[in-house]
Every structure is written in C-alpha cells, then in structure tokens.
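I set out to keep a short record of what I looked up in this structure. The entries follow the order in which I opened each topic.

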Amino acid sequence: EELPNLFQMLPEELLENIFCQMPMLDLCLHLSLVCHQWRDIIQRDTFIPWKKKYHKLKQGCPETVQEVNSLMGKHNITTAKDGCLLQLIRYMSSWQKREEAAILDRLQAHPLAGAAQDLIRTRAADCLIDGACPAWSVVAAVVILSSSVNDIQTLLRLLTRHPTPCMIVDVLEGLYCIATLLFALRTHFNINLGLHYRLYYTLYLYENASSVSCGQLTTLQGKRRGQQSMMRYRSAKDRVRLSHEQLRIINHELKPRETIKIIAFAGTGKTTTLLEYTKLRPHLKFLMLAYNKSVQEHANKLFPGNVECKTIHKLAYDACGKRFEKKLTLNIKTDMLARNLRKHSRYNYVFAKYVVDTLSAYIASAEDEVTTAHVPETKPGRGGTNIPIPHQEKMEIAEEAQLIWEKMCDPWDRSFPCFHTGYLKLYQLSRPEFTEFDCILIDEAQDLTPAINDIMLRQDVAKILVGDPHQQIYTFRGARNAMQGTASTHTYYLTQSFRFGPEIAYVAACLLDVLKGVKKKTLLGSSKTGNVMGTKQGQEAVICRMNSTLFNEAVRLTDPSRPRVSISFVGGIKGCQLGRILDIYHLSLTEEQRRKANVTVKDKFIKNFKSLWSLKEFAEKAQDVEMSGKIRVVETHRHNIPKYIKRIKERATDDIKMADVVLTSAHKAKGLEFDTVRLADDFCGASNPMAPDSWDAMAEDEKNLLYVAATRAKKSLLLTIHGLSFVLSDPQEQFIYPELTQDLVNKGVPLTCTLPRCGQAIPADNLLTMNRRMVTY
C-alpha cells in the first residue's frame with residue numbers, strides 16, 4: 001500500500017510560513033521544482049511580495065525600480081533627504097494590522113524600543129493611534145536607530161520567538177519592506193549604507209541558519225535509485241557546516257566539457273566547497289590547479305585520492321622544463337640581458353629593460369611569436385610625462401627580444417639562462433592535452449596569465465574556475481581575469497565570509513560599493529563580532545602597498561624609544577632585499593667615504609653605475625618601480641641606513657607565529673589572515689601627489705589591493721586616515737549614531753554637534769543626540 005504524501009496534507013498557510021524562511025534562490029531553483037503545489041505557492045503574487053520586490057530591485061529590474069519609486073513618491077518618502085527616514089516610519093504605520101498589540105508588547109523587551117517610541121511621539125506624532133505607537137513604525141524606528149547587526153538580530157529574535165505574536169511570514173515581509181525602501185533611498189539620497197546593510201545582513205543570516213553539518217545529514221541519505229548521497233562518503237562525526245551557497249555548488253551535477261564559474265569573495269570557503277564537491281564524486285578524477293607550491297602542498301593534505309593537486313609550473317617542468325635544468329634561474333635580470341644584446345651597447349640598461357618587459361609580456365601572452373604588440377607603449381618624457389615609443393624603436397626592441405627568446409629555448413646555449421616562466425611558455429606552445437582527467441579545478445582564476453588560460457581552456461574536459469575578480473592584483477605580471485573572458489554554463493557566488501564578522505564585513509562591502517561599484521551582490525560575514533574602532537586583538541599585521549613603506553614601518557617599530565617588539569616579514573627577511581638597499585646606500589657615498597668605512601658595492605648590477613644619480617636616472621627611464629622604491633628609502637634615511645638595517649635584523653624572527661608584529665606587502669599578504677590588521681597610509685595613491693583625483697580614474701589593481709589588504713583581518717581592522725576612512729566617507733559612514741541624550745549625559749559625553757567645524761552645544765532636553773563613536777586611527 002502506497003504511503004500518503006504527508007506534505008500534501010499540510011495547510012498552505014503553514015507551507016507559506018516555512019517557505020518564507022528559505023533563501024530566494026533556493027525557492028526558485030529547488031523548492032519550486034518539487035511538485036506542482038509547491039510551485040504554485042511560490043509563484044503566487046500574494047506570497048512574499050516584498051521579498052520578491054527586494055531581490056528584483058537589487059538586480060536592477062526596471063519594472064520593480066519604477067514600482068518602488070512610484071510608491072515612495074506617493075507616500076512622500078523621496079520628497080526630501082532630511083525627512084526621508086521619518087516618512088519611511090510613517091509609511092510603516094499602515095503596515096499589516098494583524099496582532100498589532102501582541103507585536104508591540106513583544107517589542108518592549110528591545111533595548112531601543114523606548115527610544116524608538118519616543119522618537120515617533122516627538123517627530124511623527126501623526127502616526128499615533130489612540131495615543132499608541134503603531135507596531136511596525138516602532139520596528140522601522142528600531143532598525144534606523146540600530147548601530148550594529150546584533151541590535152537587529154535581537155529585534156528579529158523577539159518577533160520570531162515561540163510563541164510568535166504573528167506569522168513568521170508577516171515578520172519577514174515587514175522587514176523586507178523596510179530593507180527595500182532603505183536600499184532605494186540609498187540610490188536616491190546616498191543615505192548611510194549601513195542602514196540597509198545591517199538589516200540585509202540579519203535577514204541573510206536568519207535564512208541561511210538552516211544549513212547543517214554533514215554528520216547531521218546522515219539520516220537524510222537519498223533513497224531514490226541512482227541518487228548520489230554525500231553521506232555515502234562521509235563520517236557521521238563530520239561537523240563541517242555548509243552554507244546554502246556552498247550546497248548549491250556541491251549539488252551541481254557536472255556534465256562533460258561544461259564550464260562552471262565560482263565567484264568567491266574573500267574568506268568565503270572556496271577550498272571547503274571544492275573539497276566537499278570532490279568527496280561527493282569519488283568516481284571522477286580531478287586535477288586541482290593550485291596557484292603556488294604552498295597552496296598545492298596544503299591541498300595535497302586535504303583533498304581525497306581522486307584529486308591530483310599540482311601547480312601549472314610542475315606540469316610544465318615535467319613536460320618541458322627538465323631539459324633546461326642546468327640553465328634555470330628565477331627571473332630575468334636586466335644586466336644579464338644587456339650583456340646579450342647584439343645591436344646595442346651592453347651598458348644600455350634602459351633599452352635592456354624595455355627588452356625585458358617585452359619578453360615578459362610575450363611569455364605571459366597566448367601568442368606564438370614576439371611582436372611589437374608586446375613592447376611597452378610609452379616611455380618617460382620630460383616633466384614626468386609619458387610619450388609614445390616610436391614604431392621603429394618598437395621593432396628594434398621586439399627583434400632583440402626574439403633573439404633572446406631563441407637563446408632561452410636552446411638547452412645547450414649557456415650564454416643566456418632559461419626561466420621558469422620560459423619553459424611554461426614552451427609548454428603552452430606545445431598544446432598539451434589532459435586526457436586522464438574528468439574535470440580541472442582552477443584556483444585563483446582571476447590571476448591567470450593568458451598563456452596559462454590558453455592551456456586550461458583548450459582542454460576538452462569539464463572545468464570549474466574559482467576566483468574573485470576583486471582580488472586581481474597581478475596584471476603587472478601579465479595576468480588577465482579568466483573569469484571575465486570565459487563563457488560558462490553556470491555561475492555561482494560565495495558571498496558569506498567565514499573569516500570575519502559584520503563590522504569588518506561592512507568595511508569590505510563599502511570598499512566594493514565605492515571602489516568597484518558592486519551593487520547586486522553584498523559581501524557578508526559570520527555572526528561572530530569584530531572591531532573597527534581601533535582595538536587590537538591578538539597578533540598585529542601591518543600591510544603596506546609599497547616596499548619602501550614596509551621598510552619605514554620596520555624602522556618605526558624597532559625604534560629604541562618604543563616598547564620592544566619582535567617583528568617578522570612574510571616571505572622572510574631575505575625577501576626585503578636589505579642587502580640591496582645597503583648597496584644603494586654605499587653607491588651614494590664617495591669613493592673616499594667608502595674607503596674610510598671599508599665598504600664596497602657587492603650587487604653585480606648596482607656596481608655597474610658610477611653614482612646614485614645614474615642609478616636613479618636608469619630607474620626613472622626604465623620605469624623600474626622596485627629599484628625606485630629602494631632608492632627612495634636610501635634618500636629618506638641617508639646615513640642612518642646601516643644602523644636601521646642592523647636594528648631590523650636584530651629584532652626580526654623567521655617564525656611568524658612568534659612575532660609580535662608581522663610586516664608584509666599587500667601582494668604577499670594575499671591568501672593569509674591575521675587577528676588584527678593595520679593598513680599603512682600608502683594605498684590608492686595616498687602618498688603619491690601624482691595619483692588620480694577620483695576613484696574612477698584609479699587603476700583596478702590599486703583598488704583591488706586595498707580590498708585584499710582590508711579583508712586579511714579576522715578580529716580587528718585598524719582604519720587609516722587617508723585610506724579606509726576616506727573611502728567610508730563616500731557611503732556616509734562617519735560612525736555617527738543616534739543615542740538618547742540622557743544616556744550620553746550619564747556617560748559624561750560632551751553634548752556638542754559632531755559635524756566638522758561646527759561644535760555648537762546641543763540642548764540637554766533633546767530626546768536624541770547624534771553621537772560619533774570614537775575611532776582610533
């Protein structure tokens with residue numbers, strides 16, 4: 001006898017109350033496909049209309065934008081910026097009247113309920129009904145007065161706590177109505193981004209709280225014939241928790257030769273997602289393409305036996321690089337190349353640098369031959385301007401680069417070495433095929449060079465590209481965003497970071513909003529609390545944009561007048577090239593000074609120059625940013641250089657875990673995380689007077705570097721005056737929140753206006769005072 005379908009026996013009102021708590025994507029993509037009844041409920045116009053409106057508005061649906069704008073105009077919400085939030089509170093007074101008294105009674109337990117009701121009575125008295133505040137106006141006022149996600153989470157918990165004062169669908173619809181109007185007001189009046197962000201964050205965490213661990217799912221194994229079950233290959237003790245976003249990816253059944261994109265924001269668990277995906281499919285063989293060796297070694301320990309983890313350089317070395325073993329070196333050196341020029345002086349280092357850049361561009365490209373397209377477009381002119389390189393000069397540079405390339409490719413020609421990128425280029429030109437794999441997992445796809453991209457995308461197997469276009473920081477090496485130029489069958493997003501809580505997530509979301517114009521997707525964090533108000537927690541990391549700033553920070557931290565701290569450099573102290581800085585300082589001395597100090601210039605390249613001025617001239621003409629940075633360090637500190645370098649070496653430790661403060665550049669910090677992060681004031685051209693005036697004119701790499709650096713923090717992010725705090729001023733975030741005036745008086749806070757250059761006294765009988773939270777820069 002066939003068992004009855006118990007779900008069909010449930011009242012539709014109860015089903016609606018359950019469905020409304022699910023994420024919108026799951027409703028559309030999964031629940032609506034279960035049966036006709038569920039599909040009809042979900043597609044019904046009367047089911048969660050405001051939740052549907054909110055998501056359509058966020059995606060820029062023209063009909064929804066027009067509908068919401070019309071509604072706000074009708075109720076005078078968009079009449080003026082000064083009164084728009086009060087008009088929103090008035091509009092919510094006409095919201096659903098069901099269980100009004102019960103909701104208002106439940107709201108009394110919220111810490112902000114008293115202030116919210118006082119606000120309505122003094123500023124929106126026309127909303128009062130028989131002297132009482134409308135329940136949903138109080139809800140709207142609490143949302144507006146909230147200064148943290150926790151405030152709104154408390155509100156939601158009160159309204160959904162059993163026994164609930166009304167149906168949960170009514171609670172969520174009311175909150176989605178407020179979220180929709182706040183999102184629209186942000187577009188109209190550029191109101192504080194945090195008003196909408198905190199409410200959306202709370203709703204997201206509530207809807208995604210139903211994700212469970214693999215161990216909890218052991219009783220839910222699929223029973224239909226042919227259905228794969230995750231639990232078939234997992235232990236019941238496994239406590240890995242997966243978000244709804246991760247589950248959507250893991251449940252995707254891969255088809256031959258299809259391409260999937262996973263756009264994963266910072267710290268959103270992309271490795272965990274790929275790990276669970278491969279564990280679920282032991283019958284498939286995967287190639288995991290790791291970005292570097294350390295990532296590859298870590299992946300080898302994590303991934304199951306059906307995944308082969310390799311770097312692209314390892315694949316290339318095994319196929320093409322072994323025959324160059326005796327002439328391999330790390331990178332192209334200008335002086336080495338200058339000695340191999342056929343038509344130019346061996347001392348023409350500027351021309352040699354252009355050949356180096358051309359050869360590097362060709363090796364990173366997908367083209368078969370060196371052409372003038374690989375030659376730099378400009379060279380420094382007078383007055384700090386750049387002028388086009390003439391075509392004839394481009395031809396000469398390309399010809400020399402081709403001759404050098406031919407020497408590199410000959411394993412028996414020892415006059416010029418081969419580089420790791422060189423045999424990788426040869427590997428790309430050989431058109432390799434990966435026939436032994438069913439799928440290629442490509443990590444950090446936003447930073448692939450066109451050569452690597454060409455190797456991967458030529459493969460006639462399924463591919464999963466994972467990356468974050470907002471973390472693309474290697475275009476100077478020829479990297480191009482493979483995520484953008486590659487067609488895909490499916491695109492998934494991971495937007496919830498497990499690295500940090502709402503405070504740091506909000507700053508990161510502001511960076512994406514202001515610098516990158518990201519509106520349709522919102523970066524979120526976990527439920528754990530963090531800090532952006534200047535408090536340090538655990539180990540501190542100082543992240544710098546430029547290496548010269550990194551040296552200056554090391555000097556400051558090791559100053560004998562400061563409390564003694566141990567420091568460590570990401571990548572080791574050797575990566576700082578302190579010896580090169582010392583050599584540049586020795587070059588700045590006269591021969592007599594060097595003889596008295598018994599010092600010499602040891603670096604083979606630097607010793608070719610007669611003076612610091614000639615080295616600086618080379619760095620400027622060749623646009624050698626790295627050399628220019630070291631010269632700037634020497635010019636800044638002059639005769640203190642030897643003393644500072646000695647002091648830094650004495651305080652430095654190779655064990656990062658043992659250091660009090662970790663020093664790193666933003667490029668080296670990528671992929672790492674620290675308890676507390678402080679950013680130096682040299683991001684986005686803050687220390688460069690020639691930097692663009694607007695965010696729009698700034699290079700994408702510069703914007704991405706600030707985002708990468710800020711998202712390394714786990715517990716505390718220390719804001720900087722010229723960097724993060726300037727960005728936050730755009731979304732109107734000045735850490736000013738309304739508080740009860742009497743509470744401020746009790747705390748001893750001065751009652752003065754927080755606006756710049758104002759300082760007027762605020763009457764003590766005011767109900768609310770806008771108070772600026774203290775931020776330590």
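**Entry 1: a pair of helices**

I began with the handedness of one helix pair, and found that helix 18 passes helix 19 in a right-handed crossing. The model I am reading is a predicted one, and I keep that in mind for every entry below. For the geometry of this pair, I noted that the axes of helix 18 (residues 349-364) and helix 19 (residues 391-409) come within 9 Å and cross at roughly 65°. I then listed who makes the contact: helix 18 contributes Phe-351, Tyr-354, Val-355, Thr-358, Leu-359, Tyr-362 and Ile-363, while helix 19 contributes Glu-396, Ile-397, Ala-398, Glu-400, Ala-401, Ile-404, Trp-405 and Met-408. Sorted by class, the residues in the contact of helix 18 with helix 19 come out as 12 nonpolar, one polar and two charged.

**Entry 2: a sheet and a helix on it**

Next I traced an open sheet of six strands, whose order reads 3-2-8-9-1-10 and whose pairing is parallel. Which strands are at the edges? I found strand 3 (307-311) and strand 10 (490-494) there, each of them pairing on one side only. On average, and with direction ignored, neighbouring strands of this sheet are turned by 20° against each other.

I looked more closely at the pairing of strand 2 (residues 286-290) with strand 3, which runs in the parallel sense over five bridges. Within that pairing, Ala-290 has Thr-311 of strand 3 as its bridge partner. Helix 15 (residues 293-302) packs on the sheet, where it touches strand 2 and strand 3. I also noted that the direction of helix 15 makes about 165° with that of strand 3.

**Entry 3: enclosed space**

Last, I turned to cavities. How many cavities of 30 Å³ or more does a search of the whole structure find? The search returns one, and I recorded about 40 Å³ of space in the largest cavity. Its lining consists of Ile-249, His-252, Ile-260, Ile-262, Thr-273, Leu-274, Tyr-277 and Ile-464. The elements that give two or more residues to this lining are strand 1 (259-264) and helix 14 (270-279), and helix 14 gives the most, with three residues. By class, I counted six nonpolar and two polar residues in the lining of the largest cavity, and no charged ones.

I closed the notebook with one cross-reference between entries: strand 1, which appears in the strand order of the sheet, is also one of the elements that line the largest cavity.

Key
Residues are numbered from 1 along each chain as its sequence is written. This is a predicted model: local features need pLDDT of at least 70, side-chain atom pairs count only at pLDDT 80 or more; totals for chains, interfaces and linings use all residues. Side-chain values use heavy atoms; hydrogens and water are left out. On a 1 Å grid over the protein atoms alone, a cavity is a set of points where a 1.4 Å probe fits but cannot get out, and a pocket is an open set with protein on both sides within 12 Å along at least five of seven lines; lining residues have an atom within 4 Å of a point. Grid points are joined across faces, edges and corners, and a volume is the space filled by probe spheres set on the points. Helices (H or I, at least four residues) and strands (E, at least two) are DSSP runs, numbered from the N terminus. Ala, Val, Leu, Ile, Met, Phe, Trp, Tyr, Cys and Pro count as nonpolar, Asp, Glu, Lys and Arg as charged, and the others, Gly among them, as polar. Two strands pair if DSSP finds at least two bridges between them. Axes are lines fitted to C-alpha atoms, for helices over the stretch in contact, and angles run from 0 to 180 degrees between N-to-C directions. Contact means heavy atoms within 4.5 Å. A crossing is left-handed if the near helix is turned anticlockwise from the far one by less than a right angle, and right-handed if clockwise.
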